[in-house]
Amino acid sequence: MTLSSKIKSIAESALTHLFPNAAIPIGSVQVSQTKPEFKGDYTIVLFPFLKLLRQKPDVLGNALGEYLVKKNNLFNAYEVVSGFLNLTVSDDFFVGFLKKEVSNQQFGAQANTHQKVMVEYSSPNTNKPLHFGHLRNIFLGFAVSEILKTTGKEVVKANLINDRGIHICKSMIAWMRYGNCSTPETTGIKGDHLVGDYYVKFNDVYKSEIKELVAQGMEEVQAEREAPIMKEAQDLLRKWEAGDKEVKKLWQTMNDWVYAGFDVSYRRLGVDFDKMYYESNTYLLGKEIVADGLKKGVLYQKEDGSVWIDLTEDGLDHKLLLRGDGTSVYITQDLGTAKLKYNYCNLDQSIYVIADEQNYHMQVLKLILSKIGEPCADGIFHLSYGMVELPTGRMKSREGTVVDADDMMDEMIALAKEQTEAAGKTDGFTQEELTRLYETIGMGALKFYLLRVDPKKKMIFNPQESIDLHGFTATFIQYAHARICSILRKENLSLKLEMTAFSNFNISEPLSSSEKKLAQMLEQYPSVLQTAAEEYNPGTLCNYVFQLAQQFNSFYDVHSISKAENEEKKQLRLMLIIITASVLCHGMNLLGISLPEKM
RNA sequence: GGUCCGGUAGCUCAGUUGGAUAGAGCAUCAGCCUUCUAAGCUGAGGGUCAUUGGUUCGAAUCCAAUCCGGAUCACCA
């Protein structure tokens, strides 16, 4: 139980004890951190009880404060300031906390709840390489998965690859026309980029063909339909669906190039998947669900044979689920895939990390499944995030205005190198260690930059301004960690300690304010994780980890650890920094960011 | 037009679910390295929390209306 909730329940029972005739509503006690300008650590707000108990703030505050301090050794002082009861938590509590957790590298992790959660993220199309927008999706999905895991969920990371459809046919036709049998091997170009180049090529040719047709007097709308390259792409798609061997073979080959490229990127990004789904296997699913819905009368059929659902009661429109010719539309396969996922291991929850442009689609998907009575409906949660835009607007892969993910990684790592060298911090490293260090700093900065903001807010990225390595960044946190490691190296201590370490420690001197503040922040880590998990928001964790590093830096500035005033203080501070390092490391790892021991 | 999301310091963002004088980072300015890593620390300036009204002891937070920006509402995916 966290300190804050402990205080809550203690105060609640204290109030019922002091005022036996009044019914104190459960959960009505508000506990918050005391503002730095006042004395104390935690604050109870008295206002909600004044009317109920017919008490004046000062009287109630003093009565409650006195009772709490007297009856409970958790507190050793209190102060009432205009309706707020500020409580000072005893040093013993914090020291007890430090002794208990100093050898626990898993501090913050919760016991397994046996709830099964699938997190689908990344889910790329196979016609182009990953771009900056995908990175937000990927980092979010990975971080949320890890946060859920550490709070006791069993997580299946899933990737649903959109490997079929007109988009890949566009790359295929452009390659057939202009590729000259080039391959990643013959060109030395990474597979996903090579296929992406032909996607761009397709659009260039498409545009010029339209222009030509318009010049010949055709309407633009018609020209868009009639352009030869487009017709050829559509023809390829038809052949693919008919199972044409040659087409399938090329399709497989080009997709394999892309997968090889993605694998390199995923590995570099440090993310992984437990379950891969391919749309070429799932795109025909969902028809039985539609048939079932028709039988149940939830869906209706028009004269032309098309199947619809009426969602007007829910403030939405009529939605098509099957075409007149009986073929699926986009949402049909999603109905089937939702069920497929659910049946994979009896999911309690199925999370979709998808951009907010699909809010409506996801809302409709969940609603339809629930109306048809599919049990998978309840667990569906759309983790919707805002798109990453450039100052000039949305990124368009068709127009080549995307910030490429691989390029971005290269740039960040180059920036890390540049700034490390500029700061003259390369001494004592081997070349190999430096390479790894730049990777750690660059990738950390990139991930943190994308994870620190609330997922649902859209973000604008300006490629002209490089991502900072100062202030609210991963680098800042990595630096704090490296400082701690440096101290521990000199003290011949490891972050991994025996259970018995520090078990004989006792204090005789009061904690300084920055020692206490640091301990207090560390104690809050589990509840931060809980909040981040409940809100599916890694940003909460970013904020916390940054504030912790900040608090450590202030602490570090005022207190020497190695040359502490006495042995007691030294031991105390060692415990503090060991847990700090452990929490920083644990928290950042959940975000997919690693921390160097030296930088 | 319907639905949904957003609007907080010059810029990028927090704001513990309704609590004290609204906080960080960047940028600007002023200090701090003979002492465990200055990628750091301390301080200053910078605010009509989009606007207006309401709810109450108390509102950036809840409600209503308005303004601005975005997404979406296909027999596309």
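1. Contact here means heavy atoms within 4.5 Å. With that in hand, look at chain A: of its contacts with a separation of 6 or more, 75% come from residues 24 or more positions apart. Before going further, a word on the ground rules: this is a predicted model, where local features need pLDDT of at least 70 and side-chain atom pairs count only at pLDDT 80 or more, while totals for chains, interfaces and linings use all residues. Residues are numbered from 1 along each chain as its sequence is written, chains are lettered from A and ligands numbered from 1 in the order in which they are written, and side-chain values use heavy atoms, with hydrogens and water left out.

2. The overall picture of chain A comes next. Its secondary structure amounts to 22 helices and 15 strands; helices (H or I, at least four residues) and strands (E, at least two) are DSSP runs, numbered from the N terminus. The C-alpha trace spans about 90 × 65 × 45 Å along its principal axes. Of the 599 residues in chain A, 53% are buried. Buried means under 20% relative accessible area, exposed means over 50%, and partly exposed is in between (1.4 Å probe, protein chains only).

3. Now to the RNA. Which residues come nearest to RNA strand B? Out of 62 residues around the strand, they are Phe84, Asp304, Asp317, Lys425 and Ser486. A residue is near a strand or molecule if one of its heavy atoms lies within 4 Å of it. On the RNA side, 63% of the strand B atoms within 4 Å of the protein belong to sugar or phosphate, and the rest to bases.

4. What is that surface made of? By class, the residues near RNA strand B are 22 nonpolar, 18 polar and 22 charged. The classes work like this: Ala, Val, Leu, Ile, Met, Phe, Trp, Tyr, Cys and Pro are nonpolar, Asp, Glu, Lys and Arg are charged, and the others, Gly among them, are polar. Elements supplying at least two residues each include strand E2 (42-45), helix H2 (47-53), strand E4 (84-89), helix H18 (474-490) and helix H21 (538-558). H18 gives the most, with eight residues.

5. A few polar contacts to the RNA are worth finding on screen. The term covers a pair of N or O atoms within 3.5 Å; within protein, one must be able to donate a hydrogen and the other to accept it, and residues adjacent in sequence count only if both atoms are side-chain atoms. A polar backbone atom of Phe472 is 3.1 Å from a sugar or linking oxygen of strand B. For Gln550, an N or O atom in the side chain is 3.3 Å from a sugar or linking oxygen of the strand. Ile561 meets a base instead: one of its polar backbone atoms is 3.1 Å from a base nitrogen.

6. On to the aromatic rings. Rings of Phe, Tyr and Trp (its six-membered ring) pair if their centres lie within 6.5 Å; planes under 30 degrees apart count as stacked, over 60 as edge-to-face and the rest as tilted. The whole structure has 21 aromatic pairs. One of them, Phe107 with Tyr525, is tilted, at 6.1 Å centre to centre and 45° between the planes. These two are 418 residues apart, with Phe107 in the loop between helix H4 (91-101) and strand E5 (115-120) and Tyr525 in helix H20 (residues 525-535). Both Phe107 and Tyr525 are buried. Phe381 and Tyr536 form a stacked pair, 4.4 Å centre to centre with 25° between the planes. Phe381 is partly exposed because its relative accessible area is 29%, whereas Tyr536, at 15%, is buried. There is also a cluster: ring pairs link Phe97, Phe107, Tyr525 and Tyr544.

7. Two lysines sit over rings, too. The test is NZ of Lys or CZ of Arg within 6 Å of the ring centre and within 35 degrees of the ring normal. Lys201 lies over the face of Tyr178, 4.8 Å from the ring centre, and the charged end of Lys248 is 4.2 Å from the centre of the Trp240 ring.

8. Last, a look at Ser384. Is Ser384 buried or exposed? Its relative accessibility is 17%, so Ser384 counts as buried. Ser384 belongs to strand E12 (residues 380-385), and its side chain makes a polar contact of 2.9 Å with that of Asn359. Leaving out residues up to four places away in sequence, Ser384 touches Ile354, Ala355, Asp356, Asn359, Pro455 and Lys456.
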